[in-house]
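Hi,

Here is the structure I promised to pass on to you. Have a look at it first, and then read my notes below.

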Amino acid sequence: MWRGTTPTHTFTLPEGIKSTDFSEIFITYSQNGEPVLEKTGDELTLEESVIKIVFSQTDTLKFEPGPVKIQLRAKMPDGQAVASNIISTTAREVLKDGEI
């Protein structure tokens with residue numbers, strides 16, 4: 001992920017699980033053990049077994065260049081809570097900082 005850009009992150013759920021199976025979904029991005037950004041509710045686009053997030057420049061500029069950890073947590077209508085494996089990516093430096 002390049003800082004100051006507007007990428008789309010796509011998460012594919014395991015076979016047999018649909019995004020509509022969840023009553024709440026949270027996708028958390030952290031750096032250095034601290035949450036930097038969290039997306040939930042209407043910030044997510046839900047399709048059958050796919051969850052998409054479209055970032056703004058402001059979103060990606062919240063990250064410092066370096067490793068980023070991502071995790072999905074969700075709650076089912078019956079109260080059961082689940083978590084994904086932690087995914088790793090990198091926030092990459094740009095030479096012209098700020099929004100354009």
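Before we get to who faces whom: two strands count as paired if DSSP finds at least two bridges between them. Keep in mind, too, that this is a predicted model.

With that in hand, start at strand S4. S4 and strand S5 (residues 50-54) pair in the antiparallel sense, and three bridges link them. If you want a spot to look at, find Thr45, which stands opposite Lys52 in S5.

Now zoom out a little. What is the strand order in the open sheet of three strands? The order is S1-S5-S4, and the pairing is antiparallel. Strand S1 (8-12) and strand S4 (45-47) are at the edges with a single partner strand each, so each has one side without a neighbour in the sheet. Going from one strand to the next, the twist averages 15 degrees.

There is another antiparallel pair to look at. Strand S2 (residues 24-31) and strand S3 (residues 34-40) come together over six bridges. Here Ser30 stands opposite Pro35 in S3. The hairpin of S2 and S3 has two residues between the strands, and in it Asn32 takes a positive phi near 55 degrees.

Next, the inside. In soluble globular proteins, nonpolar side chains tend to be buried together. The largest nonpolar core in this model has 19 residues, and the ones that touch the most other members are Ile25, Ile27, Tyr29 and Ile51. Which elements give two or more residues to this core? They are S2, S5 and strand S6 (66-75). S6 supplies the largest share, with four residues.

Ile25 is a good one to click on. Leaving aside residues up to four places away in sequence, Ile25 touches a whole list of others, among them Ser19, Lys39, Leu44, Leu46, Ile51 and Leu72. So you can meet Ile51 twice: Ile51 is a contact of Ile25, and Ile51 is also among the core residues that touch the most other members.

Last stop, the largest pocket. About 250 Å³ of space lies in it. Of the 14 residues that line this pocket, Leu13, Pro14, Leu72, Ala83 and Ser84 are the closest to its centre. S1, S6 and strand S7 (81-83) each give two or more residues to the lining, and S6 gives the most, with three residues. Leu72 is worth a second look here, since you have already seen Leu72 as a contact of Ile25.

Happy exploring!

Technical notes. Residues are numbered from 1 along each chain as its sequence is written. This is a predicted model: local features need pLDDT of at least 70, side-chain atom pairs count only at pLDDT 80 or more; totals for chains, interfaces and linings use all residues. Side-chain values use heavy atoms; hydrogens and water are left out. Axes are lines fitted to C-alpha atoms, for helices over the stretch in contact, and angles run from 0 to 180 degrees between N-to-C directions. A nonpolar core is a set of buried Ala, Val, Leu, Ile, Met, Phe, Trp, Tyr and Cys residues joined through side-chain atoms within 4.5 Å. Buried means under 20% relative accessible area, exposed over 50%, partly exposed in between (1.4 Å probe, protein chains only). Contact means heavy atoms within 4.5 Å. On a 1 Å grid over the protein atoms alone, a cavity is a set of points where a 1.4 Å probe fits but cannot get out, and a pocket is an open set with protein on both sides within 12 Å along at least five of seven lines; lining residues have an atom within 4 Å of a point. Grid points are joined across faces, edges and corners, and a volume is the space filled by probe spheres set on the points.
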